Structure formats: structure tokens, C-alpha cells
Amino acid sequence: MLHLLGVNLPDQKVVSIALTYFYGIGPVTAQKICSKLSIHKQCKLSELTEGQLNQLSGVLSNMTLENDLERQVKANVQHLRAIGTYVGKRHAMMLPVHGQRTRNNSKTAKKINGRMLRKYSTADTAFARQAFGMFQAPLSKHME
Amino acid sequence: MFSAARITQSGARVVPKQLLQVSVRPISTTQQVLASRKTPADRTTSTAFTKLSIGSKKLRTGTSTAVNMGSLNPDYYTDKPSPQTEVLSSTTAKEWNIGQFLEISGHVLQSLGKDQFPGYLGKDFKLFGKPALMYREFTQKLVDQLAKNASAAPKTAAVIDGPNGAGKSAELLKLAAVAAEAGHIVVYVPATIPWVNSSRPYAPGADDSFVQHETAMGLLRSIQALSSEALAKVPLGKAVTLGKKSLAADKTLSDLVEFGIQAPSLAHAALEQMLEIAGAQKAVPVVIALDEVNTLWSKSAYTDQADKILAANRLRLVRAFLPYFEGTKQLAKGWVVGATSYIETKFMPKQLSQKLSPPPQIAFKNKDVESDPGLYRPETKVPFDVVKLDRMTATEAKAMMDFYRSVRIVQTPVTDALVAKKWVLANGNPRQIFGSCTAFF
């Protein structure tokens, strides 16, 4: 296992796949990084030289990844909430943000949205709603 | 406890002996407890079935020919017979051997390295038990042309083209083997797809090109292994400077190649210098034989630093050989031959395949239409000679099946009717004939 910038990367994986283990890097960004450093598509992490690893570390350290990115996303959502936008309110109500229907489905949004606004960590979202009264919608809607 | 006791006549209470034998359980120590426990079942391996080992027999049908004869039951399978075959060389590459299977020599195999045979030949050789190929009429034509070109090289290269399984790679391998045995300098590449499919390391180089040091070094190694004696006969003729080191004029091409092998970062320069010096001299003929030659004109799977796909001609290794096929560079003595491959169509550009097999073009009777500038006619001119390899003759098919019978690939007697049936159904394609013989393996 190669430990790079706080993330354990599996040695036997192809570089462009291994880079996706970073939060903030997907397949497209990984491929762009490999092209920039002239790493061939079938190159495995264990085949990289020390110089190439240093170059890779240099490129990755200039990007916003992992905790920095999480903090940035959280700050963006909190800002939206703070200035009272519609999107901010939807995050706060743990409802879909991008105009999806709520009559059915929206299970994922109810489970995941708004976690960036919470100052505690718990899985009991129903309790959170009632206890902190963060929502603008009538309470009857949330009474189940 | 004493319910089983008896009262005797005297009134005494008698308890049977077994009741008096009270078993006193001793205080058990930890060791005794551990020993008494049953060993836990090994749940990491299943006892319901026996897992097959990696080297077990694999069955494949159709035209693929992979059969692993590693772990066969000796009660049912006997040792493979090994018929006597001559080694393919300039002395055995003659007309009287047409239809015979000739073995590729050991030192040619050594230069190819392990499992580096082109196309499906590696699997075929495993099945035959030896690296033997049939000497065909087409092979004789190639050998005759090679002998002519040994005195004066033609101005254009030749490219062997044909459908999948026609035997293009096999013919190129035989030609390289004959040339190597005849003492030519042979640059034989069994597969050029690895040059362009992004499987080897690469790096940006000078002149907007990209270098592949390890691949170039591997190529130099195979040239050294195949033609070491021929390379040692050719002096450099001029002082050659590579990097910080220079080689004197009295050194030979063998020293130049060896230098390139020892210094991977200078392998490209060493290869280019070697091709230039070998191509200009007339002492020893040079044969450049590239399989999958269509990759030289294709797009590679590599990307530049802006993540744009690279054309194959951006690779320095491809640039070293492309001029020979485009007619801009020529050999003083020798031959440049290529063979196409349709296995990976990604590396067969559409324009090239149209040029290799041009559609029939009828001349227009109406001159106005013919002279219309908007009229599109596919480009059919190619800078090299296209040599078509189509189907094998029925006689060759019979000879091939006789050999298959001798190595027990075909179990039934080989009759003319059987050969005719196989030949007609396969349309004379050697790969399809082989596939039909091994369909039930």
C-alpha cells in the first residue's frame, strides 16, 4: 500500500484508478493527471519511479482534496443557508435541492441532505428535525 | 441415591458396588480444558469440491486454439508424438520443401523472448509441441524476392495484406528466420501494437515527439540477439556521438547496439544511428520486418500533456520506421516488409484499410461528372507495394492436415474428401481450418 497525502492507495491498481480513491478525484481528473505526468494507461502504482511519485505528490498537493474539499463544500452549503436562499432552506429541511419531486421518492435527499448544517453527528434524522426545529415547513408535514 | 439398595435378611442395607463407585471429577486445569476441546473446523477451505489448479485443462471451441495439456490423465492421454522436422534456414528454404513443416531455429526464438510470438502462433506451437510452420508457395516467393533484394534493394517497401487467419504473421516470421539464418541484419518486430496501445512507459521528448526508452531498449536487445554476427561485420565508418560518449569509427554496429542497451536514455538515438548506418552500407543486407504495420498510421492510445490523443507518428520509435514504408528513406541493400493485422481494428485506420483493399472504381463516361471538383473518390494510392495473401491451396491444406494428424490434433485418417470439406468450408483460410480441427478439444 502506498500512503500518499493521507490516503492509502493500493499498489497493484492502475494509477488512473488508484487516484480515484482520493475524495475529489474522479476518473476524468485522474486521467488528466496521468496525461500531464505522461503516465501510460496500463501503469500500476508499484511501477512508478520516485521522481514520478514526487511529481504526482506535487500535482495532488496543489489540488483541493479530502478534508479541504469537504470543508469547502460544507462552507458553501452553510453560506447558502446563512444568506437565506431557497437552496439553503432545502438543505436545512433535508429535502431535494434540485427541483425533484417529493410526493414520492426523495428518500436519498431525506437521508443525506442537510448533514453539512448539523453540528452533531447522529443517524436519527427524525429526532433531529423535531428537536432543533430548523424547518420552515409546518410541523404536520413531518409528523409520521 | 440409595433406591437400588437391598436390605438383607439381617437388615443391613446393601448398596450395589457400582453405586458406591462415585466418580469424583477432578479439578481440571487449563491445559486439560484446552486439550479436551475439539479443534475448531477449518472454515477457510471448502470440502464440498476440489478447486481446479491454474494449470488445469481448459476447453475452448471455435476458431480459438488454446488448449493447456498440462494436467491430463495419463491413463487416457499418451505423450504427444514429435515428428522430425528440419530447421528453417536459407538451405532448407527451397522449392522441394513446399508443403513441409519446418522448425524455427532456437536463436530466432531466443530473440523473440518468452511468449512473444505474433498473433495466435504461440498457442499453436504449444499444441504442436514445437515451433514449426508450413513452408508454402507464398513463402517461396518471399524467399526468392529476399534473395533478389540482397543484391539491390527495391525503392518501395512491401506490405503483406490479407484477411484474418490467412498467415501474414507466420509468413513474416518465416522470412525473418530465413534472413537471420542467411546472415542478414534483421530488425524483426513481432508486434507493434504494444508501441501504441499505452502499455509501455513514455515521456515527452524533443521535436514534439514522445520517447519510449524501455521499448527501444527491448528492440535493440532483440536485434542484437537475432543478428549479432551480422552486426559485428559492419563498421560504423564514422565517429558516432551519443550523449556524452562517442564511439570511434572502427567500432561496429554491434558495439553501437550494445551501447544503446546499456544506456536506455540513449536507446532511441542508438537505434536511429544503427538504422542509418546499416541502411547506407552495402556489405550486409538489411531486412526490416514489422508485423501489425498498420499501427504506424493509426492513432495511439497515448495522450499528450493536454490530454489529447497522440497520433502514432508522434512517437519517436514509429518515426524511426515510418519513412521506410512511406518511401522517403531507402535501404542500399535489403528489404523492408510489413504485415497488417485486423485483430485490433482500433489500430487499423479506415483510410488505410480502404487503400489496402480499394473498392472497385468505375470510370465515368460523362466527362463533366468526372471533372466535377465536388466528386469524392477514395484515395487508393499507397507509398508501398501491397502483396495479397488470400487462401492456401488444397495441396497445402492436405499437407497441413497430415501434419496435424502426425501430432494427434486430427484423430481420424486424413482423406482427400476430409481435406476438401475442410478447405471449402474454411474458404482456404488456415486459421479456420485449424479451428475446425480443434473445435471439439
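Here are two short exercises on the contacts in this predicted model.

**Exercise 1. Work out how domain 1 and domain 2 of chain B meet, and which side chains form the salt bridge between them.**

Step 1: Find the two parts. In chain B, domain 1 covers 136-354 and domain 2 covers 394-437. Their C-alpha centres sit 35 Å apart.

Step 2: Look at who touches whom. Domain 1 of chain B puts six residues in contact with four residues of domain 2 of chain B. Together the two domains bury about 370 Å², with 41% of that on carbon and sulfur atoms.

Step 3: Go after the charges. There's one salt bridge between these domains, and it joins the side chains of B:E396 and B:R136, at 3.5 Å from N to O. That N to O distance counts because the cut-off is within 4 Å.

Step 4: Sort the residues. On the side of domain 1 of chain B that touches domain 2 of chain B, you'll get two nonpolar, two polar and two charged.

**Exercise 2. Describe the interface of chain A and chain B, and say how many salt bridges cross it.**

Step 1: Start with contacts. Nine residues of chain A meet 15 residues of chain B.

Step 2: Now the area. Chains A and B bury about 890 Å² between them, 44% of it on carbon and sulfur atoms. Of the area chain A buries against chain B, 55% comes from A:S35, A:S38 and A:H40, more than from any other three residues.

Step 3: Check the pairings. You'll find zero salt bridges across this interface, but five residue pairs in polar contact, both at pLDDT 80 or more.

Step 4: Sort chain A's touching side: one nonpolar residue, five polar and three charged.

Methods
Residues are numbered from 1 along each chain as its sequence is written. Chains are lettered from A and ligands numbered from 1 in the order in which they are written. This is a predicted model: local features need pLDDT of at least 70, side-chain atom pairs count only at pLDDT 80 or more; totals for chains, interfaces and linings use all residues. Side-chain values use heavy atoms; hydrogens and water are left out. Domain bounds come from an automatic or database domain assignment. Contact means heavy atoms within 4.5 Å. Buried area is the accessible area (1.4 Å probe) that two parts lose on being put together, summed over both. Ala, Val, Leu, Ile, Met, Phe, Trp, Tyr, Cys and Pro count as nonpolar, Asp, Glu, Lys and Arg as charged, and the others, Gly among them, as polar. A polar contact is a pair of N or O atoms within 3.5 Å; within protein, one must be able to donate a hydrogen and the other to accept it, and residues adjacent in sequence count only if both atoms are side-chain atoms.
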